[in-house]
Amino acid sequence: QVQLVESGGGLVQAGGSLRLSCVASGRYAMGWFRQAPGKEREFVAANSWNAGITYYADSVKGRFTISRDNAKNTVHLQMNSLKPEDTAVYYCAGGNTASRRLGAYDYWGQGTQVTVSS
């Protein structure tokens, strides 16, 4: 059974930083998505298993960095210069191919809350 477990969410002031982590039970292309209240789930960042392909949403480019430790089947999302509009539940996802599309991923974590206060 495939499992993805996120951690690292929390409450931070605008301009601050958080680092999210996602441990997978296998080796996958990984993506991060987020969903704010009343909004659809949206793409944040993704990279391929060997990290040779990386994608970012325009809204986070230059502020967020996705990285991975394949020895530990772990992917991280370093979030800097956080803004109140980054507030959402963040989900990691695993699949065969790095993609901006939700439908490209077969496995999802339970989500972790990120709240950025102004």
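## Paired strands

Two strands count as paired when DSSP finds at least two bridges between them. Strand 4 and strand 9 pass that test, with seven bridges in the antiparallel sense. One residue pair shows where they meet: Met30 has Gly94 in strand 9 as its bridge partner. Keep in mind that this is a predicted model.

Strands of a sheet pair through backbone hydrogen bonds, and they can run parallel or antiparallel. Antiparallel pairing comes up again and again below.

## Strand 9 and its partners

Strand 9 covers residues 88-95. How many of its residues are buried? Seven of the eight are, which leaves the strand mostly covered.

Strand 4 is one partner of strand 9. Strand 10, residues 105-108, is another, and pairs with strand 9 antiparallel over three bridges. In that pairing, Ala93 stands opposite Trp108. Strand 11 also joins strand 9 through three bridges, again antiparallel. Here Val89 stands opposite Gln113.

## A four-strand open sheet

Which strands make up the open sheet, and in what order? There are four, in the order 1-3-8-7, and their pairing is antiparallel. The edges are strand 1, residues 4-7, and strand 7, each of which pairs on one side only. From one strand to the next, the twist averages 15°.

Take the pairing at one edge. Strand 1 and strand 3 run antiparallel and share four bridges. Within that pairing, Ser7 is matched with Ser21 of strand 3.

## Ser21, a buried serine

Ser21 sits in strand 3. Is it buried or exposed? Ser21 has a relative accessible area of 15%. The cut-off for buried is under 20%, so Ser21 counts as buried.

Its side chain has a polar contact at 2.8 Å with the side chain of His76. Leaving out residues up to four places away in sequence, Ser21 touches seven listed residues: Val5, Glu6, Ser7, Trp32, Thr74, Val75 and His76. Ser7 in this list is also the bridge partner of Ser21.

## The nonpolar core

How many residues does the largest nonpolar core have? The answer is 34. Those with the most contacts inside this core are Met30, Trp32, Val44, Phe64, Leu77, Met79 and Tyr90.

Many strands feed this core. Strands 3 (18-24), 4 (29-35), 5 (42-47), 7 (64-69), 8 (74-79), 9 (88-95) and 11 (112-117) each give at least two residues to it. Strands 3, 7 and 8 on this list also belong to the open sheet. Strands 4 and 9 are on the list too, and they pair with each other.

## Salt bridges

The model has four salt bridges. One joins the side chains of Arg34 and Asp86, at 2.9 Å from N to O. Arg34 belongs to strand 4 and Asp86 to the loop between strand 8 and strand 9, so this pair ties together parts that are 52 residues apart in sequence. Both Arg34 and Asp86 are buried.

Asp86 has a second partner. Arg63 forms a salt bridge with Asp86, with their closest N and O atoms 2.8 Å apart. Arg63 lies in the loop between strand 6 (54-56) and strand 7, while Asp86 lies in the loop between strand 8 and strand 9, so the two link parts 23 residues apart in sequence. Arg63 and Asp86 are both buried. Add Glu42, and there is a network: salt bridges link Arg34, Glu42, Arg63 and Asp86.

Asp58 and Lys61 also form a salt bridge, with their closest N and O atoms 3.3 Å apart. Is Asp58 buried or exposed? Asp58 has 67% relative accessibility. The cut-off for exposed is over 50%, so Asp58 counts as exposed.

## Two loop residues with positive phi

Asn73 has a phi near 50°, a positive value in a residue other than glycine. Where is Asn73? It lies in the loop between strand 7 and strand 8. Its relative accessibility is 22%, so Asn73 counts as partly exposed.

Ser81 also has a positive phi, near 50°, and is likewise a residue other than glycine. Ser81 belongs to the loop between strand 8 and strand 9. With 41% relative accessibility, Ser81 counts as partly exposed. The loop that holds Ser81 also holds Asp86 of the salt-bridge network.

Terms used:
Residues are numbered from 1 along each chain as its sequence is written. This is a predicted model: local features need pLDDT of at least 70, side-chain atom pairs count only at pLDDT 80 or more; totals for chains, interfaces and linings use all residues. Side-chain values use heavy atoms; hydrogens and water are left out. A nonpolar core is a set of buried Ala, Val, Leu, Ile, Met, Phe, Trp, Tyr and Cys residues joined through side-chain atoms within 4.5 Å. Buried means under 20% relative accessible area, exposed over 50%, partly exposed in between (1.4 Å probe, protein chains only). A polar contact is a pair of N or O atoms within 3.5 Å; within protein, one must be able to donate a hydrogen and the other to accept it, and residues adjacent in sequence count only if both atoms are side-chain atoms. Contact means heavy atoms within 4.5 Å. Axes are lines fitted to C-alpha atoms, for helices over the stretch in contact, and angles run from 0 to 180 degrees between N-to-C directions.
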